[in-house]
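User: Please take a close look at one short stretch of this chain and tell me how it is placed. Then work outward from there, so that a newcomer can follow the rest.

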Amino acid sequence: DVHAHFRAVGVDSVMFVVKWLLCAFLNTLPFEVTVRVWDNLFAARHQAPRVLLQVALAVLSLNKDSILAKSDFKILLPYKKLCSDVSLIQILFWNL
């Protein structure tokens with residue numbers, strides 16, 4: 001799906017996912033979402049990589065339709081700053 005589409009258009013997800021993970025979404029997600037991500041990182045110290053991966057996958061999942069609609073490098077442009085959708089919080093932390 002998204003991964004196959006990235007490969008088909010020549011986009012390497014490392015180009016943006018590394019920034020997300022190294023900064024723990026600090027400059028990417030809206031503040032209120034970042035705070036929830038960080039709360040969960042600190043609460044689940046031993047599961048921190050899992051939390052970061054869940055966030056990354058949820059962001060890609062929420063934006064799947066817009067990603068699949070693009071056919072070139074412009075796929076990356078919206079991911080400099082991500083959605084402020086409150087549903088992201090619900091998807092991420094409903095089952096933690």
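Analyst: Ala 24 is buried, with a relative accessible area of 14% (buried means under 20%, exposed over 50%, and partly exposed in between, with a 1.4 Å probe and protein chains only). The model is predicted: local features need pLDDT of at least 70 and side-chain atom pairs count only at pLDDT 80 or more, while totals for chains, interfaces and linings use all residues. Residues are numbered from 1 along each chain as its sequence is written, and side-chain values use heavy atoms, with hydrogens and water left out.

Ala 24 sits in the loop between α2 and α3 (helices are DSSP runs of H or I with at least four residues, strands are runs of E with at least two, and both are numbered from the N terminus). The phi of Ala 24 is positive, near 50 degrees, and the residue is not a glycine. In sequence, Ala 24 follows α2. Phe 25 belongs to the loop between α2 and α3 as well. Phe 25 is not a glycine either, and its phi is positive at about 65 degrees. Phe 25 counts as buried because its relative accessibility is 0%.

Before this loop comes α2, which spans residues 14–22. Phe 16, Val 17 and Trp 20 are its buried residues to note. These three lie on the same side of α2 because they cover an arc of only 100 degrees around the axis (the arc is that of the directions from the helix axis to the C-beta atoms). The cover over the buried residues of α2 includes α1 (2–9) and α4 (48–62), where contact means heavy atoms within 4.5 Å.

There is also a surface feature here. Val 14, Val 18 and Leu 22 form a nonpolar patch, with about 290 Å² of accessible area together. Patches are made of residues with over 30% relative accessible area and no salt bridge; like charges are joined within 9 Å, and nonpolar side chains (Val, Leu, Ile, Met, Phe, Trp, Tyr) within 5 Å. Accessible areas come from the Shrake-Rupley method with a 1.4 Å probe, and for residues only the protein chains shown count as cover. One patch member, Val 14, is partly exposed because its relative accessible area is 48%.

On the other side of the loop is α3, covering residues 31–43, and Asn 40 is part of this helix. Asn 40 counts as buried, since its relative accessible area is 16%. Its side chain reaches the backbone oxygen of Arg 36 at 2.8 Å. A polar contact is a pair of N or O atoms within 3.5 Å; within protein, one must be able to donate a hydrogen and the other to accept it, and residues adjacent in sequence count only if both atoms are side-chain atoms.

Now to α1, one of the helices covering α2. The buried residues of α1 are Val 2, His 5 and Phe 6. They fall on the same side of α1 because they cover an arc of only 100 degrees around the axis. The face turned away from that buried side carries the exposed residues His 3, Arg 7 and Ala 8. Among what covers the buried residues of α1 are α2, α4 and α5 (64–69). Just after α1, Gly 10 has a positive phi of about 80 degrees.

His 5 and Ala 69 are 64 residues apart along the chain, and their C-alpha atoms are separated by 9.6 Å. Ala 69 lies in α5, and this residue counts as exposed because its relative accessibility is 66%.

The count of salt bridges is 1, where a salt bridge is a side-chain nitrogen of Lys or Arg within 4 Å of a carboxyl oxygen of Asp or Glu. Lys 64 and Asp 1 form such a bridge, at 3.5 Å from N to O. The pair links distant parts of the chain, 63 residues apart, with Lys 64 in α5 and Asp 1 in the segment before α1. Lys 64 is partly exposed, given its relative accessibility of 31%. Asp 1 is exposed, given its value of 65%.

Finally, the whole chain. It has 6 helices and 0 strands. Of its 96 residues, 36% count as buried. Among contacts with a separation of 6 or more, 71% are between residues 24 or more positions apart. The accessible surface comes to about 6100 Å², of which 60% belongs to carbon and sulfur atoms.
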